[in-house]
Amino acid sequence: MTETTSPSIDHADTEAIAKLAAAYRDITHELHKAIVGQESVIEQLLTAMFAGGHCLLVGVPGLAKTLLVRTLADTLNLSFNRVQFTPDLMPSDITGTEVIQEDRNSGVRQFRFLPGPIFTNVLLADEINRTPPKTQAALLEAMQEHQVTAGGQRHQLPAPFFVLATQNPIEHEGTYPLPEAQLDRFMFQVFVDYPAADEEFEIVRQTTASHRPQINKVLTLDDIKLLQEMVRKIPVADHVIRYAMTLARMTRKGQGDVPDFVKNYVSWGAGPRASQFLILGAKARAMLLGRTYVSTDDVKAIAAPVLRHRIVTNFNAEADGITPDEIVRKLFEAMPPDAGQRDIDQRLPPVFKS
């Protein structure tokens with residue numbers, strides 16, 4: 001047996017994980033009443049949500065990103081707000097503002113804080129790269145600290161708090177590219193791709209009819225909070241942590257023995273937050289699948305959405321058509337066969353070693 005970095009789970013925790021696995025199937029069923037296809041997108045969104053992370057959705061207009069987020073919030077019985085980010089959007093437009101109110105009885109005037117649309121469980125930040133850095137910074141505080149500062153006072157956001165931001169990959173005029181520090185706060189960057197031909201046929205058939213699906217609620221707010229806490233209790237073997245850490249460190253060309261393609265194509269690699277999110281995401285994915293343990297396959301399954309926006313490619317990569325996803329794929333091929341195995345070998349009795 002390998003040592004773990006988390007306390008062992010008890011029978012009640014095992015039952016809760018089994019409940020989540022059943023709820024995952026029910027949530028997927030409810031979402032597919034309104035959303036056709038997009039299985040990987042749904043899995044990544046739910047993985048990030050139960051891991052307590054935020055997502056950046058990248059896709060062209062018309063792929064039902066807004067509908068997906070709204071339906072997900074309805075299914076999970078969470079409050080939902082949508083903000084269309086524009087160049088003239090001010091921080092107070094999303095965080096809220098202070099107004100002067102007069103008490104009718106005493107006649108005393110005092111400031112009162114009116115919460116903005118950010119005070120919700122699920123915030124859809126539509127076209128986040130269309131708003132200036134000042135407003136993006138206000139959102140960054142909410143994402144990292146789960147609070148809003150207004151008039152020198154801190155206001156706590158409701159829990160759970162989940163930001164889903166969308167970005168248009170084909171239009172760059174009048175946009176403000178997200179700084180790397182803000183991109184790093186997003187747990188996943190999720191690609192929403194075009195539907196297959198049969199999926200598009202079903203989309204057209206459903207959306208041009210008068211029928212509106214009835215979405216049922218699967219989990220309660222308390223259930224979600226409990227399951228988010230449960231994610232951190234899932235034990236992880238040291239060799240799985242070593243595997244995730246090695247994967248992230250191999251993207252940094254200035255550190256240690258990294259593959260030649262990283263040296264040739266990467267300007268900056270992923271930081272320690274990537275290693276943390278690889279493990280948290282792997283834990284949440286294991287829970288969604290009803291398992292009480294985490295494997296390296298869970299890490300590999302979420303590696304692309306965790307790493308793609310943390311790998312900064314250079315001109316050579318652009319010239320050769322090498323994307324961050326291609327670099328992640330090459331990393332799996334270049335991963336040392338004994339990555340993470342050292343922790344296991346150190347604990348095995350000599351009789352089991354070759």
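Tutor: Buried means under 20% relative accessible area, exposed over 50%, partly exposed in between (1.4 Å probe, protein chains only). Helices (H or I, at least four residues) and strands (E, at least two) are DSSP runs, numbered from the N terminus. The model is predicted: local features need pLDDT of at least 70, side-chain atom pairs pLDDT 80 or more, while totals for chains, interfaces and linings use all residues. Residues count from 1 along each chain as its sequence is written, and side-chain values use heavy atoms, without hydrogens or water.

Student: Which residues of helix H3 are buried?

Tutor: H3 spans residues 65–75. Its buried residues are Lys65, Leu68, Val69, Thr71, Leu72, Ala73 and Thr75.

Student: Which residue follows H3 with a positive phi?

Tutor: The residue is not a glycine, and its phi is about 60°. It is found in the loop between H3 and strand S2 (80–84). It is partly exposed, with a relative accessible area of 37%. The residue after H3 is Asn77.

Student: What is the phi of His146?

Tutor: His146 is found in the loop between helix H5 (133–145) and strand S6 (147–150). His146 is partly exposed, at 27% relative accessible area. Most residues other than glycine have a negative phi. His146 has a positive one, near 55°.

Student: Which residue does a cis peptide bond join to Ala159?

Tutor: The omega of this bond is about -5°. The partner lies in the loop between strand S7 (153–156) and strand S8 (162–167). Ala159 is joined to Pro160.

Student: How many helices and strands does the chain have, and what share of its residues is buried?

Tutor: The secondary structure comes to 15 helices and 11 strands. Of the 354 residues in the chain, the buried share is 47%.

Student: What share of the contacts with a separation of 6 or more joins residues 24 or more positions apart?

Tutor: Contact means heavy atoms within 4.5 Å. Among the chain's contacts with a separation of 6 or more, residues 24 or more positions apart account for 78%.

Student: Which helix gives the most to the largest nonpolar core?

Tutor: A nonpolar core is a set of buried Ala, Val, Leu, Ile, Met, Phe, Trp, Tyr and Cys residues joined through side-chain atoms within 4.5 Å. This core has 78 residues, and Leu46, Phe50, Cys55, Leu76 and Leu307 touch the most other members. A second, separate core of 21 residues includes Leu56, Ile118, Val148 and Leu183. The leading contributor to the 78-residue core, with 10 residues, is helix H11 (272–288).

Student: Which residues does Cys55 touch, beyond those up to four places away in sequence?

Tutor: Cys55 is one of the residues that touch the most other members of the 78-residue core. Its partners are Gln44, Leu45, Ala48, Phe162, Val163, Leu164, Ala165, Phe186, Phe188 and Val190.

Student: How far apart are the C-alpha atoms of His309 and Leu183?

Tutor: His309 lies in the loop between helix H12 (296–307) and strand S11 (312–313). His309 is buried, at 6% relative accessible area. Beyond its neighbours within four places in sequence, His309 contacts Glu180, Leu183, Phe186, Met187, Phe188 and Gln189. His309 and Leu183 are 126 residues apart along the chain, yet their C-alpha atoms are separated by 6.8 Å.

Student: Which exposed residues does H8 carry on the face turned away from its buried side?

Tutor: The buried residues of H8 (221–231) are Asp223, Ile224, Leu227, Met230 and Val231. Seen down the axis of H8, they fall within an arc of 120°, so they line one face of the helix. The arc is that of the directions from the helix axis to the C-beta atoms. The face turned away carries Asp222 and Glu229.
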